[in-house]
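User: Hi! I've just opened this one and would like to go through it with you. Can we start right away?

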Amino acid sequence: MNKNIIAIAIASAGFIIGLAFLGSAIKNRNKSENTISVTGLGSNKFTSDLIAWSGNFSRNSFELKTAYDELANDKKVIENYLVSKGIAKDQMVFSAVDIQKQFNYGTDANGRSTQTFAGYQLSQTVSIDSKDVAKVENLSRNITEIINLGIEFTSSPPNYFYTKLGSVKQQMIADATKDAKQRAEKIAENAGAKLGNLKKATMGVTQITAPNSTEEYSYGGTFNTSSKDKEASITIKLEYEVD
């Protein structure tokens, strides 16, 4: 009889302890689920303060020395032209001369493939990086003036950059964080709850596009260099406890 009473007591105690653990687990589980996740947005519009532009010029000749001499003369003409437009010599970077052999391809009377030497093509690139965006931008649009000097010149579209992007990012992060917190507070208020401690914060990638453009955001971030005016944005995801 005594043994049965002891066994029942032990079983009852174990059941009570089990209920206590179960209640604690349910409480902790519900507590962990009482969270709010919100995403805030920070954005900024700005104008580029650095421009990068380049152009390519070339010469063709059956004689390598002739082509090289003509290209060297073109380089001097281009350099003088750029100086006349207010570009300092230390802003000009001329690449090494690229030499390519040219061939004409065809078939002979027997249908066999043939190739005939068509001379040398020598080319060179001039690049300019400048903070005088308007000056270089205007220069890139008037390359016909170089062509009229008798030079076979091809201009590339300029690329635009912003040298103070770091400070812009910091402000966007602050704005996105503030925006996310305000959203979380509003959700909690509407639900009749109070915002608790911040549990987690996740920052998205920076997206830089042309203003009002249809450019798509990319997973690794977008960096537009073709537009002088830009719009940057970043997202911050915050997760709060709710009391």
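User: Which strand does Tyr105 lie in?
Analyst: Tyr105 is part of strand E4, residues 98-107. Keep in mind that this is a predicted model.

User: Is Tyr105 buried or exposed?
Analyst: Exposed, because its relative accessibility is 62%. Tyr105 also helps make a nonpolar surface patch of about 430 Å², together with Phe62, Phe103 and Phe117.

User: How does E4 pair with E5, and over how many bridges?
Analyst: E4 and E5 run antiparallel, joined by 10 bridges. As an example, Gln100 has Gln121 in E5 as its bridge partner. The hairpin of E4 and E5 has five residues between the strands, and Gly111 there takes a positive phi near 80°.

User: Nice. Which other strands pair with E5?
Analyst: Strand E2 (residues 50-61) pairs with E5 in the antiparallel sense over 11 bridges, with Ser54 standing opposite Ser127. Strand E3 (residues 92-94) is antiparallel to E5 too, over three bridges, and there Met92 stands opposite Ile128.

User: What about Ser123, buried or exposed?
Analyst: Ser123 counts as buried, because its relative accessibility is 13%. This serine sits in E5, which covers residues 113-130. Leaving aside residues up to four places away in sequence, Ser123 touches Asn56, Phe57, Ser58, Leu71, Ala96, Val97 and Asp98.

User: Switching to helices: which residues of H3 are buried?
Analyst: In helix H3 (residues 133-140) they are Val133, Val136, Glu137, Leu139 and Ser140. They lie on the same side of H3, because they cover an arc of only 160° around the axis.

User: And what do those buried residues pack against?
Analyst: Their partners are E2, helix H2 (64-84), E5, strand E6 (153-155) and strand E7 (159-161).

User: Glu137 caught my eye. Which residue does Glu137 form a salt bridge with?
Analyst: With Lys228, the closest N and O atoms being 3.2 Å apart. The pair links distant parts of the chain, 91 residues apart: Lys228 is in the loop between strand E10 (222-223) and E11, while Glu137 is in helix H3. Glu137 counts as buried at 9% relative accessibility, whereas Lys228 is partly exposed at 29%. Glu137 and Lys228 also belong to a network of salt bridges with Arg141.

User: How many salt bridges are there?
Analyst: The count comes to eight. Among them is the one between Asp69 and Lys65, at 2.8 Å from N to O. Both residues lie in helix H2, four residues apart, about one turn of the helix. Lys65 is exposed, with a relative accessible area of 60%, and Asp69 counts as partly exposed at 39%.
Another one joins Arg183 to Asp179, with the closest N and O atoms 3.1 Å apart. Those two are separated by about one helical turn, because they are four residues apart in helix H5 (residues 165-190).

User: Let's look at Val242. Where is Val242, and what does Val242 touch?
Analyst: Val242 lies in strand E11, residues 229-242. Not counting residues up to four places away in sequence, Val242 touches Asn34, Thr35, Ile36, Ala193, Lys194 and Gly196. The C-alpha atoms of Val242 and Ala184 are separated by 9.6 Å, though the two are 58 residues apart along the chain.

User: Last thing: how many helices and strands does the protein have?
Analyst: Five helices and 11 strands. Of the 243 residues, 28% count as buried. Among contacts between residues at least 6 apart in sequence, 75% join residues at least 24 apart.

Key:
Residues numbered from 1 in each chain as written. Predicted model: local features only at pLDDT ≥ 70, side-chain atom pairs only at ≥ 80, totals over all residues. Heavy atoms only, no water. Contact = heavy atoms within 4.5 Å. Patch = residues over 30% accessible without salt bridge, like charges linked within 9 Å, V, L, I, M, F, W, Y side chains within 5 Å. Areas by Shrake-Rupley, 256 points an atom, 1.4 Å probe, with all protein chains shown as cover. Salt bridge = Lys/Arg side-chain N within 4 Å of Asp/Glu carboxyl O. Buried < 20%, exposed > 50% of the residue type's maximum accessible area, 1.4 Å probe, protein only. Pairing = 2+ DSSP bridges. Arc of directions from axis to C-beta.
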